[in-house]
Amino acid sequence: MDVTMDSGATTSNVFLGPRQDMEFESHEDAYSFYKEYAKSVGFGTAKLSSRRSRASKEFIDAKFSCIRYGNKQQSDDAINPRPSPKIGCKASLHVKRRQHGKWYVHSFVKEHNHELLPDQAHFFRSHRNADPLKNDARVRRRKNLTAVSKQFSAYQNVEGLEGFLRSQHDKGRSLVLEMGDAQILLELFMLMQEENPKFFYAVDLNEEHRLRNVFWVDAKGMEDFNSFGDVVFFDTSYFTNKYKIPLVLFIGVNHHIQPTLLGCGLIADETVYTFVWLMQTWFMAMGERSPRVILTDQNNAIKAAVANVFPGTRHCFGLWCVMEKIPRHLEYLNVWPATFMEKFEKCICRSWTEEQFEKRWWKLVDEFHLREIQWVQSLYEDRKYWVPTFMRDVSFAGLSTVSRSESLNASFDKYVNQETSLREFVEKYKVILEDRYEEEAKANFDAWHETPELKSPSPFEKQISLIYTHEIFKKFQVEVLGAAACHLKKENEDEATTTYSVKDFEDNQNYMVEWNELKSDIYCSCCSFEYKGYLCRHAIVVFQMSGVFSIPSKYILKRWTNAATSKHPISERLDDLQSKVRRYNDLCRRAIILGEEGSLSQESYNVALSAIKDALKQCANVHSFSENGARPNTSLMSAICGAEEQNQCSPRMTRLNNAPPRAETSGKREAQGSSASRKGKVPQTGAVNVNVGTQEGFHQMELSDMRPQPIHNVVPSQFHNMMPTMFNNVTSTHFHTVAATHLHENPLQR
């Protein structure tokens, strides 16, 4: 059988793998065939060896293998061990050349000693970019998206939604939309919720029942908030910079330093009412949980809204939000020489104490005659919202940078420009989500299959290599290596704290480090831990001088570890944490295989589900009794059983309140009202009922109104189940009446 990459290598042949009767035109063709086979089965490949003829100098022998072939060879005293995936796998293909020039299969070892990952094969280096179209997540999912979108083709000709949006004589502000935009939004929401019933959206109508504000978030965004909701950036830059689409975003950052999209909104204006409605709705979608820190632009309306909706949250201004306004506010005063920016950045970023900041600030203001500038006055009044000197107790997880180009927010700029229309953004929205999922999946894959490279014998580097994700570890590694360029000098010492001056020869700056050995507390004036979430070289060199050779657990944030998505808190003992990460990674790898095998049929699904339920029950028993001998924790079992019921029921049958995970029934909510303030819930300063719909009905919830009375109509999530009937037979005028009727009734009481 003549097998070449031009004609003979059919899909079935590739899937079955090499056979003894196969022949190839060249050893490169043989390797291409083996790569295709490996990709279909789910492993990476490598060229193991080749040999040329001594007489003709032509290749006569070649051997290809699984990327995990062989064992890692490394001397015990290696200082910089290289990462290696080798674990002793024997899978390989050995081909030889016949005298007439054809290549044949000399030997083929099919069995592997590790799991195979066909669904993630495109992440292996040997398969990356081999076929850009096949590797493109958008192309891979296009068939499914096309099939789903056909379900909503019946609504393409509906003309009733825009009528009540276009009038220029309406009472109250409303969204400025083009013809057909409202219908496009509806179809997006219907499509997203059909794919995942937990997709959440809400619509705010003004007094004339015209669209004023819109919010939506996908299920992944709500899930990400569970693990990475400590710091959130509320980005209004697209709206304030007068983009065509009035878009605002809730942005987080995951453990791979990748942006996470925690919600999107379209707003009509920058009033307190709008921001309160938007934040209340987002708060409800996130299960009535508040972030520890929220970053925003410097805006009085936003400041008032945050104070009302998130009273327990630390509100800060993004550094780049302040820095990018300087040219706009000060350029006309001719105070734009380079010396101004140098002195401004020195005052802001290198003032180690509040007294030092005050002295430099007023010197700068007087030198450039800025005392009468209102914006400069507001900056000083709000200094505790944005100046690093006042942020010693805050962690920004890298979301606050000096320039927008360095921020994670800028990653969305490639999808949105000033002329992007709503129609174009809706088309790109799923691309944004797919790109985010793909990047995170690749980073998770690399974390499970690659060992980070150590570049020094530092105990700090070795310790953290077993804990942090690859991306964070690489950044921390730079700090470890940079410690060699630092020289410290003891400045002061009292009963509790020792203060050091650290000279960093790389940037030629001096930094102050305070070290409390009794409490294991350390603070550096560079604010690396506060702004980036990991310790700096200046702290490391102080540790070394103090005889401390491991990072205290309080300075290892769970959000940067491989176990970041685990719902259990990390142990304060680093040995336990390292073991937990290793166990977690191993179980994740095995779970992928179980998911692939278990999903092949209903029978295999039942077997896998039964095994998971039994394992969870045993784990819950072990965990409960090991802690305090309490009864087995049934929450895990409930979650699995719920997933089983949902899988075996119709796609439209979901639990009553899918969108906000922690929403309670109205009875429970009344019983828990006295404890709302302790849980960080929105204070009830004048409750307004907001109906949050599901596919089974509505659930009535209370939110504070911040006194922009009244919130007339809030069209909730899953409202589209009523809409098809309305749209078929109702005009624009009728739609007003029907919508208002349904919104002022609670179907659960009928």
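**Exercise 1. Is Asn409 buried or exposed?**

Solution. The structure is a predicted model, in which local features need pLDDT of at least 70, side-chain atom pairs count only at pLDDT 80 or more, and totals for chains, interfaces and linings use all residues. Residues are numbered from 1 along each chain as its sequence is written, and side-chain values use heavy atoms, with hydrogens and water left out.

Step 1. Take the cut-offs: buried means under 20% relative accessible area, exposed over 50%, and partly exposed in between (1.4 Å probe, protein chains only).

Step 2. Asn409 has a relative accessibility of 0%, so Asn409 counts as buried.

Step 3. Locate the residue: Asn409 is in the loop between α15 and α16. Helices (H or I, at least four residues) and strands (E, at least two) are DSSP runs, numbered from the N terminus.

Step 4. List what Asn409 touches, where contact means heavy atoms within 4.5 Å. Not counting residues up to four places away in sequence, Asn409 touches Phe233, Asp235, Tyr238, Ile251, Trp320 and Arg404.

Step 5. Compare sequence and space: Asn409 and Phe250 are 159 residues apart along the chain, while their C-alpha atoms are separated by 9.7 Å.

**Exercise 2. Describe the protein as a whole by its totals.**

Solution. Step 1. The secondary structure comes to 26 helices and 19 strands.

Step 2. The protein has 750 residues, and buried residues make up 51% of them.

Step 3. Among contacts with a separation of 6 or more, 61% are between residues 24 or more positions apart.

**Exercise 3. Classify two aromatic pairs and place them in the chain.**

Solution. Step 1. State the rule: rings of Phe, Tyr and Trp (its six-membered ring) pair if their centres lie within 6.5 Å; planes under 30 degrees apart count as stacked, over 60 as edge-to-face and the rest as tilted. By this rule the count comes to 37 aromatic pairs.

Step 2. Phe189 and Trp216 have 5.5 Å from centre to centre and 50° between their planes, and the pair is tilted. This pair links distant parts of the chain, with Phe189 in helix α6 (residues 181-195) and Trp216 in strand β7 (residues 211-217), 27 residues apart.

Step 3. Check burial for this pair. Phe189 is buried, at a relative accessible area of 4%. Trp216 is also buried, at 0% relative accessibility.

Step 4. For Trp361 and Tyr380, the ring centres are 6.2 Å apart and the planes are at 25°, so the pair is stacked. Trp361 lies in helix α14 (residues 354-367) and Tyr380 in helix α15 (residues 374-381), so the pair ties together parts that are 19 residues apart in sequence.

Step 5. Check burial again. Trp361 is buried, with a relative accessible area of 3%, and Tyr380 counts as buried at 17% relative accessibility.

Step 6. Place Tyr380 in its helix: the buried residues of α15 are Trp375, Val376, Ser378, Leu379 and Tyr380. These buried residues pack against α11 (319-323), α12 (326-330) and α14.

**Exercise 4. How do α6 and helix α16 (residues 422-449) pack?**

Solution. Step 1. The two helices pack at an angle of about 20°, with their axes 9 Å apart. Axes are lines fitted to C-alpha atoms, for helices over the stretch in contact, and angles run from 0 to 180 degrees between N-to-C directions.

Step 2. Apply the classes: angles under 35 degrees count as roughly parallel, over 145 as roughly antiparallel, 65 to 115 as roughly perpendicular and the rest as oblique. Therefore α6 is roughly parallel to α16.

Step 3. Name the residues. From α6 the contact uses Asp181, Ile184, Leu185, Leu188, Leu191, Met192 and Glu195; from α16 it uses Leu422, Arg423, Val426, Tyr429, Lys430 and Leu433.

Step 4. Look at another residue of α16, Glu440. Glu440 counts as buried at 10% relative accessibility. Leaving aside neighbours within four places in sequence, Glu440 is in contact with Lys220, Asn254, His255, His256 and Gln258.

**Exercise 5. Compare the settings of Lys242 and Glu288.**

Solution. Step 1. Lys242 has a phi near 65°, a positive value in a residue other than glycine. Glu288 is not a glycine either, and its phi is about 60°.

Step 2. Lys242 is in the loop between α8 (237-240) and β9 (247-253). Glu288 is in the loop between α9 (272-285) and β11 (293-296).

Step 3. Lys242 counts as exposed at 67% relative accessibility, whereas Glu288 counts as buried at 9%.

Notes. Contact = heavy atoms within 4.5 Å.
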